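Q: I am new to this structure and should like to learn how to read its features. Could you guide me through them in turn?

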Amino acid sequence: MNQGSPPNLAPAENGTDARIQERWITVDGHRMRYLYGGSGPPVVLLHGLLAYGFSWRFTLPALARQATVYAPDQLGCGFSDRPRECDRTLRGVAARTLQFMDAIGVEKADIVGTSHGGAVAMILAEMAPERVRKLVLVAPANPWSRHGRLMTRAFGTRVGAWLFRTAAPAMAMLNGYFIGRMFGSRRRIPPDTIRGYAGPLQTPGTIEHALGIVKSWRADMRAIKEALPRIAHIPTLIV
């Protein structure tokens with residue numbers, strides 16, 4: 001169940017920026033949180049694994065000057081519901097994203113995805129190319145990532161999953177280390193970033209959701225390989 005919004009986050013999260021609002025909608029029978037604002041062509045922002053709308057807190061106000069932006073917390077993530085029975089494959093998450101677009105009344109949009117969200121964006125484009133105007137893929141999960149293959153092979157086994165669950169309580173303490181790697185240095189991490197990402201990790205069901213994604217990873221990466229030729233006609237920016 002949703003635990004409410006985190007306190008004292010950046011303007012795009014706590015609503016002090018007038019262009020960005022927190023909203024809720026029902027998708028696939030469950031409550032989904034999303035951030036919304038701006039006016040103009042619709043842009044849907046898809047976060048990465050174990051992330052949520054917080055990832056876009058600086059991007060949202062900037063894009064809202066020229067677009068209508070939507071940043072959902074996918075089911076199982078952030079402050080959206082944690083359904084026990086949930087299709088966690090890329091195709092399943094992409095299908096729910098299309099349901100989300102239906103629910104908010106967006107027929108066609110630019111789709112921006114980072115990491116796992118980038119992989120979801122590619123599969124979504126294959127499933128419904130008529131609903132994607134442009135793709136922006138920010139360090140997207142992909143079949144050629146050696147790091148990704150090693151990590152998912154490790155956590156995809158029973159022993160690996162057990163270790164992941166066991167280590168989960170320590171993940172909040174290691175959060176600063178991992179985020180520091182993403183920013184290149186801890187000195188570059190904006191204020192409240194570590195606490196902002198750590199909050200939803202404490203919600204029951206989050207770790208199981210992540211493990212569910214890992215279980216289908218190899219099949220999902222094969223699906224991306226097959227999808228790429230079919231979406232080659234869609235204008236795409238890779239960052």
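A: Let us begin with burial, bearing in mind that this is a predicted model. A residue counts as buried when its relative accessible area is under 20%. In strand β4 (residues 68-72), five of the five residues are buried, so the strand is largely enclosed by the rest of the structure.

Q: Which residues of β4 are buried on one side, and which on the other?

A: T68, Y70 and P72 lie on one side, while V69 and A71 lie on the other. All of these are buried, so that both faces of β4 are covered.

Q: How should I read the pairing of strands?

A: Strands of a sheet pair through backbone hydrogen bonds, either parallel or antiparallel. Here, strand β2 (residues 30-38) and β4 run antiparallel and are joined by five bridges. Within β4, T68 stands opposite G38. Strand β3 (residues 42-46), by contrast, runs parallel to β4, with three bridges between them. The bridge partner of V44 in β4 is Y70.

Q: In what order do the seven strands of the open sheet stand?

A: The order is β1-β2-β4-β3-β5-β6-β7, and the pairing is mixed. At the edges stand β1 (20-27) and β7, each with a single partner strand, so one side of each is left without a neighbour in the sheet. From one strand to the next, the twist averages 20°.

Q: In which sense do β5 and β6 pair, and over how many bridges?

A: The two strands pair in the parallel sense, over five bridges. Within β6, V132 stands opposite A109.

Q: Which strands does α3 lie across?

A: Helix α3 lies across β1, β2, β3, β4 and β5. Its direction is at about 110° to β1.

Q: How do I recognise a salt bridge, and how many does the structure hold?

A: One looks for a side-chain nitrogen of Lys or Arg within 4 Å of a carboxyl oxygen of Asp or Glu. The structure holds six salt bridges. In one of them, the side chains of E126 and R91 meet at 2.9 Å, N to O. E126 lies in helix α4 (residues 116-127) and R91 in helix α3 (residues 90-104), so this pair ties together parts that are 35 residues apart in sequence.

Q: Are E126 and R91 buried or partly exposed?

A: E126 counts as buried, at 18% relative accessibility. R91 is partly exposed, its relative accessible area being 40%.

Q: With which residue does D110 form a salt bridge?

A: D110 forms one with R133, and the closest N and O atoms are 3.0 Å apart. This pair links distant parts of the chain, with D110 in strand β5 (residues 109-114) and R133 in strand β6 (residues 132-138), 23 residues apart. D110 counts as buried at 16% relative accessibility, whereas R133 counts as partly exposed at 30%.

Q: Where in the chain are R230 and E126, whose side chains also meet in a salt bridge?

A: R230 is in the loop between α9 (217-227) and β7 (236-238), and E126 is in helix α4, 104 residues apart. The side chains of R230 and E126 meet at 2.5 Å, N to O. R230 is partly exposed, with a relative accessible area of 48%.

Q: Which residues are joined into one network by salt bridges that share partners?

A: E22, R33 and D73 are joined in this way.

Conventions
Residues numbered from 1 in each chain as written. Predicted model: local features only at pLDDT ≥ 70, side-chain atom pairs only at ≥ 80, totals over all residues. Heavy atoms only, no water. Helix = DSSP H or I, 4+ residues; strand = E, 2+ residues; numbered from the N terminus. Buried < 20%, exposed > 50% of the residue type's maximum accessible area, 1.4 Å probe, protein only. Pairing = 2+ DSSP bridges. Axes fitted to C-alpha atoms, helices over the stretch in contact; angles between N-to-C directions. Contact = heavy atoms within 4.5 Å.
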